[in-house]
Amino acid sequence: MFTGRAWRVVRFGAPEQAVELQETTWDAPSAGQVLIRVRAAGAGLPDALMTAGQFPLLGEPPFGLGEEAAGEVVAVPSGSRFSVGDQVTGITAFLEGWGGYADYAYLLEGSAIRIPEGMTDEEAAGFPIGFRTAYTCLVDRAPVEAGQTLLILGAAGSSGATAIQLGKALGATVIAVAGGQEKVEFCLRNGADHGIDHRAEDLTARIAELTDGRGVDVVYDPVGGDIAATAMRSLTRGGRIVVMGLASGAPVELDAMELLMRNQTAVGVLSLPLDDPQAEAAAWEHLADLAARGAIRTPTGAVHDFADVPRMIAQQGAPAAGKTVVRVATA
Ligand SMILES: NC(=O)c1ccc[n+]([C@@H]2O[C@H](COP(=O)([O-])OP(=O)(O)OC[C@H]3O[C@@H](n4cnc5c(N)ncnc54)[C@H](OP(=O)(O)O)[C@@H]3O)[C@@H](O)[C@H]2O)c1
């Protein structure tokens, strides 16, 4: 048994009232999980939704927060492909109430990878969900081919910024859309070929300019609402929109007649582990390999101290650019 601290939601509400640091114990992991000593944990918008009681996949408090974490394996069930001492990152058992903002965390073994050489703890902690989601979208569900043009909305956000990295690794030309020059510059530093500031520029006109009037092959949409509806005007005949989020508060409204007339496809994506464990393992191996080769890298943004978790959650309504991470412990 392991004893330590864990940030837990004890009631729904504003983070300062809803989240408490508690002493907790962790039993030996059950089959399909490993227990790690956490060094860093990935953070983001879902923390705010979970704390406010607006996350559809979780029930009533109490439950732990933190969907992904990186650290050292301290216990494994028999038959595990991991050993005590392995350095790993993966998705936590947060849906069972055990999160990553804690001294220890259960990782789902099917989502865990050994941390590639050269990857920092912060990069490792912010790697699993963003990249697995982008992979589901851009490899499995709406494959982007080399040479195609990929428009990414919310491109400075957690989902968008990882999609820039994966889109580039797949050989696409990436146009990143973000609010404000600072975020656009973040996207360009993060690998985007072009950036559009949706607060200052006409989206449709800029896309036409950048694509010689052709439009884009794929729209990656974590935002929805008006901006996604506007982006649809720039989708090529035969193009695809990946409907994967609603950061604006509402999903994109699609015109079925337009889809029909222009031979377009709308692909809805909820990134969940594949039913086939071998296919799921292959996806993680591909991502780990891309990271090991330096083809993708976690677009880390703000790094918060462990004590700062409630304040970090409160900031998720208007996050800074990049993937937010919580530093739990030093090596
Ligand atoms: N389907 C899945 O499997 C899956 C997985 C992960 C996340 N998601 C969903 O994806 C969405 C984004 O998550 P995230 O973690 O990337 O959030 P995030 O880090 O907060 O980023 C969201 C981005 O959306 C942009 N945005 C918000 N409102 C906007 C508006 N009205 N117009 C234009 N841009 C707007 C913001 O960009 P600017 O400030 O630059 O405008 C922000 O950077 C959420 O709905 C989340 O639930 C889905």
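The following questions and answers deal with the two domains of a predicted model and with its ligand.

Trainee: Before we start, how are residues numbered, and which pLDDT limits apply?

Mentor: Residues are numbered from 1 along each chain as its sequence is written, and side-chain values use heavy atoms, with hydrogens and water left out. Because the model is predicted, local features need pLDDT of at least 70, side-chain atom pairs count only at pLDDT 80 or more, and totals for chains, interfaces and linings use all residues.

Trainee: How far apart do the C-alpha centres of domain 1 and domain 2 lie?

Mentor: The bounds, which come from an automatic or database domain assignment, give domain 1 as 2-127 + 299-327 and domain 2 as 130-268. The distance between their C-alpha centres is 29 Å.

Trainee: Which three residues supply 56% of the area that domain 1 buries against domain 2?

Mentor: Buried area is the accessible area (1.4 Å probe) that two parts lose on being put together, summed over both, and for these domains about 790 Å² is buried, 66% of it on carbon and sulfur atoms. On the side of domain 1, the three residues that supply 56%, more than any other three, are F127, P299 and A321.

Trainee: How many salt bridges does the rule find across this interface?

Mentor: A salt bridge needs a side-chain nitrogen of Lys or Arg within 4 Å of a carboxyl oxygen of Asp or Glu. Across the interface of domain 1 and domain 2, the number found by this rule is zero.

Trainee: How much of the ligand's area does the protein bury?

Mentor: An oxygen atom of the ligand is 2.9 Å from a polar backbone atom of S158, and a ligand oxygen atom is 2.8 Å from a polar backbone atom of S271. Accessible areas come from the Shrake-Rupley method with a 1.4 Å probe; for residues, only the protein chains shown count as cover. Taken alone the ligand exposes 910 Å², and the share of this that the protein buries is 80%.

Terms used: Polar contact = N/O pair within 3.5 Å; in protein donor to acceptor, adjacent residues only side chain to side chain.
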